[in-house]
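User: I should like to learn how to read a protein model, feature by feature. Please begin with the general picture and then proceed to the details.

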Amino acid sequence: MSIWWSLHLRREAASVPLARRLLIGTMETAGVDPEISFDLAVALSEACANAVEHAGSGTEYSVTARIDGDQCRIEVADSGPGFPRDRFRHPARPLSPRGQQAEHGRGLFLIEALVDHVHFQNRPGHGTVVSFDKVLKWRDDALLKAS
């Protein structure tokens with residue numbers, strides 16, 4: 001069995017907790033371990049916050065989440081300018097002169113730390129897609145536990 005959903009959201013701060021709550025509710029209902037749900041919810045929040053902040057003149061962005069077997073894949077797509085070419089290999093900002101990570105860009109490192117695989121895709125003239133995957137662990141009472 002699999003579950004998937006897709007949202008088209010306005011680029012405003014209030015959309016971030018909405019997407020996060022929907023993901024957490026879906027995971028809870030399906031029986032995903034709360035730690036895994038939390039990691040994915042934080043990663044989703046960071047990706048959505050980036051879309052809200054950096055999507056240029058676009059007024060919307062989309063979120064798609066899919067649970068298929070023991071795998072969850074989430075994609076956040078916007079219509080912004082994308083990552084600058086020099087950052088496309090690793091889009092997060094470089095370290096500051098003091099050796100600390102710059103104020104912006106930490107969310108991308110956080111996403112990478114919380115999930116099993118992440119992919120950043122520039123779509124010239126059409127924005128950016130951030131997609132990430134994580135293997136799921138299940139509670140004992142899970143509805144969709146992979147067999």
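Analyst: Of the 147 residues of the protein, 41% count as buried, where buried means under 20% relative accessible area, exposed means over 50%, and partly exposed lies in between (1.4 Å probe, protein chains only). This is a predicted model, in which local features need pLDDT of at least 70 and side-chain atom pairs count only at pLDDT 80 or more, while totals for chains, interfaces and linings use all residues. Residues are numbered from 1 along each chain as its sequence is written, and side-chain values use heavy atoms, with hydrogens and water left out.

User: How should the confidence of the model be read, and over which residues does pLDDT stay under 50?

Analyst: pLDDT is the predictor's confidence in each residue, from 0 to 100. Where pLDDT is low, the predicted coordinates should not be read in detail. Here the protein averages a pLDDT of 84, and 80% of the residues score at least 70. The stretch with pLDDT under 50 is residues 93–101, for which the model has 13 contacts beyond four places in sequence; a contact means heavy atoms within 4.5 Å. Among the elements, β3 has the highest mean pLDDT (96) and β4 the lowest (89).

User: How many helices and strands are there in the protein?

Analyst: Helices (H or I, at least four residues) and strands (E, at least two) are DSSP runs, numbered from the N terminus. The protein has three helices and five strands. Read from the N terminus on, the elements follow the order β-α-α-β-β-α-β-β.

User: How does one read a sheet, and what order do the strands have in this one?

Analyst: Strands of a sheet pair through backbone hydrogen bonds, either parallel or antiparallel. Two strands count as paired if DSSP finds at least two bridges between them. In this model the five strands form an open sheet with the order β1-β2-β3-β5-β4 and antiparallel pairing. β1 (2–10) and β4 (117–123) each have a single partner strand, so one side of each is left without a neighbour in the sheet. On average, neighbouring strands of this sheet are turned by 10° against each other, direction ignored; axes are lines fitted to C-alpha atoms, for helices over the stretch in contact, and angles run from 0 to 180 degrees between N-to-C directions.

User: Which helices pack against these strands?

Analyst: Helix α1 (residues 15–30) packs on the sheet and touches β1, β2 and β3, its direction making about 170° with that of β1. Helix α3 (residues 106–114) lies across β4 and β5 (127–135), at about 140° to β4.

User: How many bridges join β1 to β2, and how many join β2 to β3?

Analyst: β1 and β2 run antiparallel and are joined by nine bridges; R10 stands opposite E60 in β2. Eight bridges join β2 (residues 60–68) to β3 (residues 71–78), again an antiparallel pair. V63 has V76 as its bridge partner in β3, and R66 has R73. β2 and β3 form a hairpin with two residues between them, and G69 in the turn has a positive phi of about 65°.

User: Is S62 of strand β2 buried or exposed?

Analyst: S62, found in strand β2, has a relative accessible area of 16% and is therefore buried. Not counting residues up to four places away in sequence, S62 touches L7, H8, E75, V76 and A77. D68 also lies in strand β2, but at 47% relative accessibility D68 counts as partly exposed. D68 and I3 are 65 residues apart in sequence, yet 6.7 Å apart in space, C-alpha to C-alpha.

User: What is meant by a nonpolar core, and which residues have the most contacts inside the largest one?

Analyst: In soluble globular proteins, nonpolar side chains tend to be buried together. A nonpolar core is a set of buried Ala, Val, Leu, Ile, Met, Phe, Trp, Tyr and Cys residues joined through side-chain atoms within 4.5 Å. The largest here has 37 residues, and L40, I74 and F132 have the most contacts inside it. β1, α1, α2 (34–54), β2, β3, α3, β4 and β5 each supply at least two residues of this core, and α2 gives the most, with 10 residues. Leaving aside neighbours within four places in sequence, L40 is in contact with L23, M27, C72, I74, V115, F132, K134 and L136.
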